[in-house]
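Good morning, colleagues. I would ask you to look at the sequence and the structure while I go through the packing of this chain.

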Amino acid sequence: MCSSDLRIVAFLGAEVDFVRVSPGQAIFRQGDRADAMYILALGHVRVGVSTNGREAKVLPVGPGTILGEIGLLALSPDDLRRTPDEIESAIARRLAAAGDNLGAALPTRRRSATCSALNSLELARVKRGTFLRLIRENPAVRRRLVAMSRSEEHTSELQSPCNLV
């Protein structure tokens, strides 16, 4: 583990909750308010995106996957026209200007997908406030999360109408 990874683990330390989810149980549903990010430690998740009342995309994911970062980063369909560097810079400016009121820096968005357990899961849950402090204080993590959220798998999630709320 490199020193930056150790700093992140130390930062999250007592701030992370560990949760278990039973097969078939939803971690969160499309349209819910984004209140946490999840790191999948054990098990597999079904990620489903609905459009116009019909499920348009289903993606199974496994251990190591990060879930829920799009809503916490407050990404929107407009961000599809921007580069990851432009998005990251805008987020950094808003976080820096927010001072102690990080919750006001990035609006709370709605979930862009439904994530449910395909089998028994163990997840680390990072609540919104901790997430915002993490990305403000760790630019490398912020850049990686923005780049990851702009990946091909996530592009259809950004186009979901729930992100327009």
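Let me begin with Leu106. In this predicted model, setting aside residues up to four places away in sequence, Leu106 touches Leu72, Leu73, Ala74, Ile91, Arg94, Leu95, Arg128, Leu132 and Ile135. Leu106 also belongs to the largest nonpolar core, which has 25 residues. Within that core, the residues with the most contacts are Leu73, Ile91, Leu95, Leu106, Phe131 and Ile135. Which elements give two or more residues to this core? They are α2, at 69-73, α3, at 84-98, β8, at 121-127, α4, at 128-137, and α5, at 139-149. Apart from this core lies another one, of 17 residues, and its members include Val21, Leu40, Val45 and Cys115. As general background, nonpolar side chains in soluble globular proteins tend to be buried together.

A few words on the chain as a whole. The protein chain contains six helices and eight strands. Read from the N terminus, the order of the elements is α-β-β-β-β-β-β-α-α-β-β-α-α-α. Of its 165 residues, 43% count as buried. If one takes the contacts with a separation of 6 or more, 79% of them are accounted for by residues 24 or more positions apart.

I turn now to helix α3. Its 15 residues, at 1.5 Å a residue, should span 21 Å, and the end C-alpha atoms of the model are 21 Å apart, so the two values agree. Which residues of α3 are buried? They are Ile87, Glu88, Ala90, Ile91, Leu95 and Ala98. These residues cover an arc of only 160 degrees around the axis, and therefore they sit on the same side of α3. On the other side of the helix, Asp85, Arg93, Ala96 and Ala97 are exposed. The partners against which the buried residues of α3 pack are α2, α4 and α5. After α3 comes Gly99, with a positive phi near 60 degrees.

Next, the pair formed by α4 and α5. These helices pack with their axes 5 Å apart, at an angle of about 110 degrees. Since angles of 65 to 115 degrees count as roughly perpendicular, α4 and α5 are therefore roughly perpendicular to each other. On the α4 side, the contact is made by Phe131, Leu134, Ile135, Arg136 and Glu137. On the α5 side, Pro139, Val141, Arg142 and Leu145 take part.

Helix α5 can be examined in the manner of α3. Its buried residues are Val141, Arg142, Leu145, Val146 and Ser149. Viewed down the axis of α5, these fall within an arc of 130 degrees, so they line one face of the helix. Ala140 and Arg144, on the other side of α5, are exposed. Pro139, also found in this helix, has a relative accessibility of 34% and so counts as partly exposed. Pro139 and Ala92 are 47 residues apart in sequence, yet 7.9 Å apart in space, C-alpha to C-alpha.

A strand residue offers another view of sequence-distant packing. Ile27 is found in β2, residues 26-28. With a relative accessible area of 14%, which is under the 20% limit, Ile27 is buried. Which residues is Ile27 in contact with, leaving aside neighbours within four places in sequence? The list comprises Val21, Tyr38, Val45, Leu67, Cys115, Ser116, Leu121 and Leu123. Among them, Ser116 is 89 residues away along the chain, with its C-alpha atom separated from that of Ile27 by 5.4 Å.

I close with two backbone positions. Asn52 has a phi near 55 degrees, a positive value in a residue other than glycine. Ala74, likewise not glycine, has a positive phi near 60 degrees. Where do these residues lie? Asn52 is in the loop between β4, at 45-51, and β5, at 54-61. Ala74 lies in the loop between α2 and α3. Are they buried or exposed? Asn52 is exposed, with a relative accessible area of 73%, whereas Ala74 is buried, at 6%. Ala74 also returns us to the beginning of this talk, as one of the residues that Leu106 touches.

Notes: Residues numbered from 1 in each chain as written. Predicted model: local features only at pLDDT ≥ 70, side-chain atom pairs only at ≥ 80, totals over all residues. Heavy atoms only, no water. Core = buried A, V, L, I, M, F, W, Y, C linked by side-chain atoms within 4.5 Å. Buried < 20%, exposed > 50% of the residue type's maximum accessible area, 1.4 Å probe, protein only. Helix = DSSP H or I, 4+ residues; strand = E, 2+ residues; numbered from the N terminus. Contact = heavy atoms within 4.5 Å. Expected span 1.5 Å × (residues − 1). Arc of directions from axis to C-beta. Axes fitted to C-alpha atoms, helices over the stretch in contact; angles between N-to-C directions. Parallel < 35°, antiparallel > 145°, perpendicular 65-115°, else oblique.
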